[in-house]
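Trainee: I would like a close look at one part of this model, the open sheet and what packs on it. Please go on from there to the helix contact and the salt bridges.

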Amino acid sequence: MEKVYKSGFVSIVGRPNVGKSTLVNALVEDKVAIMSDKPQTTRNLIKAIYNDEESQIVFLDTPGMQSPRNKLGSYMQKASLSSMGGTDIIMFVVDESDYIGRKDKDIIEKIKMSNKPKFLVINKIDKIASDKLLEIIKMYGDLEIFDEIIPVSALKDKNHDRIIEVLKQYLPEGHPYYSQDMTTDQPTKVMIAEIIREKVLHYTDEEIPHGVMVEIDSLEEKKNNLINIQATIYVERENHKKIIIGKDGRKIKGIGVAARKELEDRFEARINIELWVKTKENWRDNESNIKNFGFNSREI
Ligand code: GDP
Ligand code: MG
């Protein structure tokens with residue numbers, strides 16, 4: 001008997017930092033969404049596309065859902081909520097904590113209303129013993145909301161295939177929505193800007209990361225497999241600029257080298273990166289600025 005082709009959209013929701021982006025990257029076996037231990041790393045709705053012979057699953061990696069503190073925050077929340085509307089399955093990701101906190105309760109309240117299949121993914125199980133995991137599964141099972149509860153470790157490659165298998169059981173029959181060799185719909189420039197932003201996140205602490213935005217000013221493919229990239233890192237305050245540049249420019253240099261290495265692997269080319277740092281005060285609360293940076297609330 002011939003197998004039917006399944007396709008559909010899965011929106012991934014959950015508190016910041018539970019590992020949504022790490023999981024999505026693992027599922028599609030490509031780095032589509034940048035990851036860090038800083039909350040609010042993911043800002044836009046990112047599509048990560050899984051393909052095999054019998055299915056295409058489009059994961060929507062959403063920014064975390066939390067009370068917005070500025071216009072960018074409102075945009076992020078709107079993107080998360082609207083992503084649940086147009087999808088076939090809702091996947092709620094939590095971490096290994098043994099209680100359901102207020103933020104998780106809020107999200108549960110929101111998804112409860114939906115009549116779509118709801119999966120609970122308990123991530124980071126590499127950090128806990130199996131008896132504790134059983135307690136967590138029971139705690140969520142008792143809510144009687146979830147159609148499936150799947151424990152995984154996004155980082156340690158545990159149970160990824162199981163997620164795909166179970167998702168396929170719930171997905172409708174259909175055709176592929178995207179070309180089957182794609183793993184994301186993000187334009188190359190956005191991808192590059194995100195990788196640079198990820199390196200900035202890794203090199204900075206505290207309040208700086210949240211106010212960082214990267215814009216690609218030019219991207220040129222030269223002969224001899226060489227790509228020239230010029231990018232500007234925007235920060236919200238003048239003193240943040242100094243921190244990112246670092247003593248004798250050491251920090252910005254480190255950021256550039258880390259980004260270059262990753263991009264060279266990704267594009268299998270030699271890469272030149274020139275980075276500038278500029279201040280744009282409070283850009284996250286300025287509608288036209290956040291629009292310029294590509295966050296357009298009309299599009300979500
Ligand atoms: P998001 O905000 O939900 O998208 O979370 P990220 O994917 O950016 O991950 C947040 C942090 O959790 C990163 O430091 C990850 O390395 C870490 N992390 C993600 N998955 C796992 C996992 O399965 N086990 C452990 N120990 N850490 C994880
Ligand atoms: Mg993320």
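Mentor: What follows starts with the sheet and works outward to the helices and the charged side chains. Keep in mind that this is a predicted model.

A little background comes before the sheet. The chain has 9 helices and 9 strands. Of its 300 residues, 53% are buried. Among contacts with a separation of 6 or more, 71% join residues 24 or more positions apart.

Now the sheet. It is open and is formed by 6 strands, in the order 2-3-1-4-5-6, with mixed pairing. Its edges are strand 2, residues 46-52, and strand 6, residues 148-151, and each of these pairs on one side only. From one strand to the next, the twist averages 25°.

In that order, strand 1 stands beside strand 4. Strand 1 covers residues 6-13 and strand 4 covers residues 89-94; the two pair in the parallel sense over 4 bridges. To find this pairing in the structure, look for Ser11, which stands opposite Ile90 in strand 4.

Two helices can be placed against these strands. Helix 3, residues 102-112, packs on the sheet and touches strand 1, strand 4 and strand 5, the last being residues 118-122. The direction of helix 3 makes about 170° with that of strand 4. Helix 4, residues 130-141, lies across strand 4, strand 5 and strand 6. Its direction runs at about 160° to strand 6, which is one of the edge strands.

Helix 3 also holds a salt bridge. Arg102 is joined to Asp106, with the closest N and O atoms 3.7 Å apart. The two residues are 4 positions apart in helix 3, so about one helical turn separates them. Arg102 counts as exposed because its relative accessibility is 59%. Asp106, at 37%, counts as partly exposed.

The next contact is between two helices. In general, two packed helices are described by the angle between their axes and the distance between the axes. The axes of helix 1, residues 20-28, and helix 5, residues 160-170, come within 10 Å and cross at roughly 80°. The two helices are therefore roughly perpendicular. On helix 1 the contact is made by Leu23, Ala26 and Leu27, and on helix 5 by His160, Ile163 and Ile164. Sorted by class, this contact has 5 nonpolar residues, 1 polar residue and no charged residues.

Charged residues come back into view with the other salt bridges. The count for the model is 21, and the bridge in helix 3 between Arg102 and Asp106 is one example. Another joins Glu198 to Lys199, at 2.9 Å from N to O. Glu198 is buried, because its relative accessibility is 2%. Lys199 is also buried, at 8%. Both residues belong to a network of salt bridges that links Lys31, Glu198, Lys199 and Glu262.

For a pair in another setting, turn to Arg250 and Asp248. They form a salt bridge whose closest N and O atoms are 3.3 Å apart. Arg250 has a relative accessibility of 56%, so it counts as exposed. Asp248 is exposed too, with a relative accessible area of 65%. Set the two pairs side by side: Glu198 and Lys199 are buried, whereas Arg250 and Asp248 are exposed.

Definitions and conventions:
Residues numbered from 1 in each chain as written. Chains lettered and ligands numbered in written order. Predicted model: local features only at pLDDT ≥ 70, side-chain atom pairs only at ≥ 80, totals over all residues. Heavy atoms only, no water. Pairing = 2+ DSSP bridges. Axes fitted to C-alpha atoms, helices over the stretch in contact; angles between N-to-C directions. Contact = heavy atoms within 4.5 Å. Salt bridge = Lys/Arg side-chain N within 4 Å of Asp/Glu carboxyl O. Buried < 20%, exposed > 50% of the residue type's maximum accessible area, 1.4 Å probe, protein only. Parallel < 35°, antiparallel > 145°, perpendicular 65-115°, else oblique. Nonpolar A, V, L, I, M, F, W, Y, C, P; charged D, E, K, R; others polar.
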